[in-house]
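Trainee: Before we discuss this protein, could you show me the model and take me through it one question at a time?

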Amino acid sequence: MSPVLKLNLHRDKLRALRAHLDAHVSQLTEDITDVADSGDRANQQAETVVNVGLATHDAVVRREIDDALERINAGTFAACEKCQAVIGMRRLNAIPYARYCIRCERRIEQEGTL
Ligand SMILES: [Zn+2]
């Protein structure tokens with residue numbers, strides 16, 4: 001498979017993922033609005049907290065996806081932002097918006113810093 005074709009595949013995958021996230025976020029936002037309108041508050045407030053947390057996580061991932069799409073346009077996709085090594089296809093298939101190669105990612109996770 002040519003590199004261009006692979007980039008197109010990743011681009012399609014990132015766009016599909018982003019569309020999925022957008023649908024999820026609007027669903028969560030609707031739930032939050034429903035709770036705000038309803039009378040029974042106790043559990044629903046807890047549920048709102050969970051939904052806001054999920055929506056926040058979605059927003060973070062969405063930003064990562066946008067950045068990854070920009071990297072495709074800039075021609076730097078699949079290059080580790082830390083060591084510039086090529087990020088492995090298996091890793092990109094699992095996390096299409098991965099910023100770092102697996103080695104740098106592990107180091108970041110262990111040390112908590114870049
Ligand atoms: Zn790296």
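Mentor: Let us begin with a definition: a residue counts as exposed if 12 or fewer other C-beta atoms lie within 10 Å of its own, as buried if 20 or more do, and as partly exposed in between. Please also keep in mind that this is a predicted model.

Trainee: With that in hand, is alanine 19 buried or exposed?

Mentor: Alanine 19 is found in helix α1, and its C-alpha atom is separated by 9.4 Å from that of arginine 62, 43 residues apart along the chain. The cut-off for the lowest class is 12 or fewer C-beta neighbours. Because alanine 19 has 10 other C-beta atoms within 10 Å, the class it falls into is exposed.

Trainee: How does leucine 7 count, and why?

Mentor: Leucine 7 also belongs to helix α1, which spans residues 3–37, and, not counting residues up to four places away in sequence, it touches Ile72 and Phe77. Its C-alpha atom is separated by 9.5 Å from that of glycine 75, 68 residues apart along the chain. Since leucine 7 has 15 C-beta neighbours inside 10 Å, it counts as partly exposed.

Trainee: What pattern does the protein follow along the sequence?

Mentor: The secondary structure comes to four helices and zero strands. Read along the sequence, the pattern is therefore written with helix symbols alone, given how helices and strands are assigned as DSSP runs. That pattern is α-α-α-α.

Trainee: How many buried residues does helix α4 have?

Mentor: Across the 114 residues of the protein, 10% count as buried. Helix α4 covers residues 102–111 and is hardly covered, and it is followed by glycine 112, whose phi is positive, near 70 degrees. Among the ten residues of α4, the count of buried residues is zero.

Trainee: Is tyrosine 97 buried or exposed?

Mentor: Tyrosine 97 has its place in the loop between α3 (89–94) and α4. Leaving aside neighbours within four places in sequence, tyrosine 97 is in contact with Leu14, Glu64, Ile65 and Ala68, and its C-alpha atom lies 9.4 Å from that of arginine 62, 35 residues apart in sequence. Because tyrosine 97 has 21 other C-beta atoms within 10 Å, it is buried.

Trainee: Which domains supply at least three residues each to the largest nonpolar core?

Mentor: The largest nonpolar core has nine residues in all, namely Leu14, Ala68, Phe77, Ala78, Ile87, Tyr97, Ala98, Tyr100 and Cys101. At least three of its residues are drawn from each of domain 1 (1–77) and domain 2 (78–114).

Trainee: What is the phi of alanine 78?

Mentor: Alanine 78 lies in the loop between α2 (42–74) and α3, and it counts as buried because it has 22 C-beta neighbours inside 10 Å. Most residues other than glycine have a negative phi. In alanine 78, however, phi is positive, near 75 degrees.

Trainee: Glutamine 84 is found in the loop between α2 and α3; is it buried or exposed?

Mentor: Glutamine 84, like alanine 78, has a positive phi in a residue other than glycine, here near 65 degrees. As for its surroundings, glutamine 84 has 10 other C-beta atoms within 10 Å, so the answer is exposed.

How values were computed:
Residues numbered from 1 in each chain as written. Predicted model: local features only at pLDDT ≥ 70, side-chain atom pairs only at ≥ 80, totals over all residues. Helix = DSSP H or I, 4+ residues; strand = E, 2+ residues; numbered from the N terminus. Contact = placed C-beta atoms within 7 Å. Core = buried A, V, L, I, M, F, W, Y, C linked by C-beta atoms within 7 Å. Domains from an automatic or database assignment.
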